[in-house]
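Thanks for sharing this one with me. Here are my notes as numbered points, meant to be read with the model open beside you.

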Number of protein chains: 2
Amino acid sequence: MLLPDAVERLSALAHGHRLAVFRLLVCAGAEGMPAGEIAREIGLRPNTLSSHLTILSHAGLINSRRESRSIIYSASYDGMSDLLGFLVEDCCAGRPEICAPLADVAQSCCDPQ
Amino acid sequence: MLLPDAVERLSALAHGHRLAVFRLLVCAGAEGMPAGEIAREIGLRPNTLSSHLTILSHAGLINSRRESRSIIYSASYDGMSDLLGFLVEDCCAGRPEICAPLADVAQSCCDPQ
DNA sequence: TCGATAGTTCTACTATCGTTGAAATATCGA
DNA sequence: TCGATATTTCAACGATAGTAGAACTATCGA
């Protein structure tokens with residue numbers, strides 16, 4: 001992942017509504033949520049939400065599929081992983097200060113016991 | 001970490017020059033780098049860089065200390081860890097799709113063998 | 001086919017961001 | 001103390017982002 005792509009992804013997440021949308025979709029899992037439900041949940045007009053969804057989608061952070069009249073959005077785990085990977089990429093020169101706590105977070109999060 | 005703080009941190013990183021500065025400082029480690037050297041490395045005027053450093057600093061992503069005439073900036077590992085923790089916080093509901101790859105990244109990065 | 005539902009696209013307006021040039025502040029060496 | 005070095009602060013400008021209203025497109029049920 002190149003720096004400009006990382007900037008695009010970070011920019012997409014660097015907005016209160018968009019970050020809220022993304023987190024909602026992460027919680028929703030692979031099945032995702034229709035745009036209308038997201039709009040109701042976050043409290044956004046359909047057109048405003050649509051522009052945010054376009055931004056997140058173009059940044060590679062969410063995916064979409066049509067299902068009858070609804071368009072279902074879901075978080076892109078690959079997109080997020082790439083970004084996180086890029087962000088910890090530089091801590092390697094013998095400095096685990098960033099990625100060690102990160103590994104803890106990841107582990108405690110996925111492996112509660 | 002609350003959503004508005006995460007947005008502030010993401011916004012700080014969501015800029016080509018600032019992300020480059022931050023990565024440079026992560027590479028520089030705890031000893032950090034003086035502002036002038038950063039400016040030369042990235043190719044920014046001193047006042048432009050200064051405004052970016054203020055933004056990164058206010059977001060809690062870098063620290064600074066004066067050393068004679070220079071001001072030395074260094075990456076805040078805690079600030080970065082908090083942000084990364086916030087970003088993976090939501091993948092917990094039985095869905096390791098995001099944080100499992102992240103754990104891999106963190107591990108392979110800090111533990112090359 | 002027609003009306004209703006679900007989303008998107010387009011246009012315009014306001015607000016904020018990024019950069020610059022100039023001036024100010026802090027520290028050091030002579 | 002004075003000039004030089006290192007960096008920040010201030011004011012102003014152009015560019016970009018976020019939101020809203022209106023119109024458009026796609027799909028479904030009767």
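1. Let me start with helix α1 of chain B. Its buried residues pack against α1 (3-13) and α2 of chain A, together with α2, α4 and α5 (77-88) of chain B. The helix spans residues 3-13, and the buried members are B:Ala6, B:Val7, B:Arg9, B:Leu10, B:Ala12 and B:Leu13. Please keep in mind throughout that this is a predicted model.

2. One residue of that helix deserves a second look. Leaving aside neighbours within four places in sequence, B:Leu13 is in contact with A:Leu10 from the partner chain. Within chain B, its contacts are B:Leu19, B:Phe22, B:Leu56, B:Leu61, B:Met80 and B:Leu83. B:Leu13 also stands out in the largest nonpolar core, which holds 62 residues: A:Leu13, A:Ile38, B:Leu13 and B:Ile38 touch the most other members.

3. Next, B:Leu53, which lies in helix α4 of chain B. Is this residue buried or exposed? B:Leu53 counts as buried because its relative accessible area is 2%, and the cut-off for buried is under 20%. Beyond the four places on either side in sequence, B:Leu53 is in contact with B:Val21, B:Ala35, B:Ile38, B:Ile62 and B:Tyr73. You may also like to find B:Ala12 from here: 41 residues separate B:Leu53 and B:Ala12 along the chain, while their C-alpha atoms are 9.4 Å apart.

4. For the overall layout, I looked at chain A. It has six helices and three strands, in the order α-α-β-α-α-β-β-α-α along the sequence. Of its 113 residues, 45% count as buried. Among contacts between residues at least 6 apart in sequence, 57% join residues at least 24 apart.

5. A:Arg18 is the residue I would most like you to check. It sits in helix α2 (residues 16-28) of chain A, and it is buried yet has no salt bridge. How far away is the nearest side chain of opposite charge? That side chain belongs to A:Glu8, 10 Å away. The side chain of A:Arg18 does reach the backbone oxygen of A:Ala12, at 2.7 Å. Not counting residues up to four places away in sequence, A:Arg18 touches A:Ser11, A:Ala12, A:His52, A:Ile55 and A:Leu56.

6. Which salt bridges does the structure have? A search of the whole structure finds two over all chains. Side chains of opposite charge can pair when their charged atoms come close. In chain A, the side chains of A:Arg65 and A:Glu67 meet at 3.1 Å, N to O. In chain B, B:Glu67 and B:Arg65 meet at 3.1 Å, N to O. A:Arg65 is partly exposed, with a relative accessible area of 34%, and A:Glu67 is partly exposed at 41%. For chain B, the values are 42% for B:Glu67 and 34% for B:Arg65, and both residues are partly exposed.

7. Now to DNA strand C. Of the 21 residues around it, A:Gly36, A:Asn47, A:Tyr73, B:Asn47 and B:His52 come nearest. Of the strand's atoms within 4 Å of the protein, 70% belong to sugar or phosphate and the rest to bases. A polar side-chain atom of B:Asn47 lies 2.8 Å from a base nitrogen. Phosphate oxygens are approached by polar side-chain atoms of A:Ser50, at 3.0 Å, and of B:His52, at 2.4 Å. The elements giving two or more residues to this surface are α3 (35-42), α4 (46-58) and β3 (70-75) of chain A, together with α2 (16-28) and α4 (46-58) of chain B. The largest share, four residues, comes from α4(B).

8. DNA strand D is my last stop. It is surrounded by 21 residues, the closest being A:Arg45, A:Asn47, A:His52, B:Gly36 and B:Tyr73. An N or O atom in the side chain of B:Tyr73 is 2.3 Å from a phosphate oxygen, and a polar backbone atom of B:Ile71 is 3.4 Å from a phosphate oxygen. B:Arg69 places a side-chain N or O atom 3.5 Å from a sugar or linking oxygen. Two or more residues each come from α2 and α4 of chain A and from α3 (35-42), α4 and β3 (70-75) of chain B. Here α4(A) gives the largest share, four residues.

Terms used. Residues numbered from 1 in each chain as written. Chains lettered and ligands numbered in written order. Predicted model: local features only at pLDDT ≥ 70, side-chain atom pairs only at ≥ 80, totals over all residues. Heavy atoms only, no water. Core = buried A, V, L, I, M, F, W, Y, C linked by side-chain atoms within 4.5 Å. Buried < 20%, exposed > 50% of the residue type's maximum accessible area, 1.4 Å probe, protein only. Contact = heavy atoms within 4.5 Å. Lys, Arg positive; Asp, Glu negative; His and termini not counted. Salt bridge = Lys/Arg side-chain N within 4 Å of Asp/Glu carboxyl O. Polar contact = N/O pair within 3.5 Å; in protein donor to acceptor, adjacent residues only side chain to side chain. Near = heavy atom within 4 Å.
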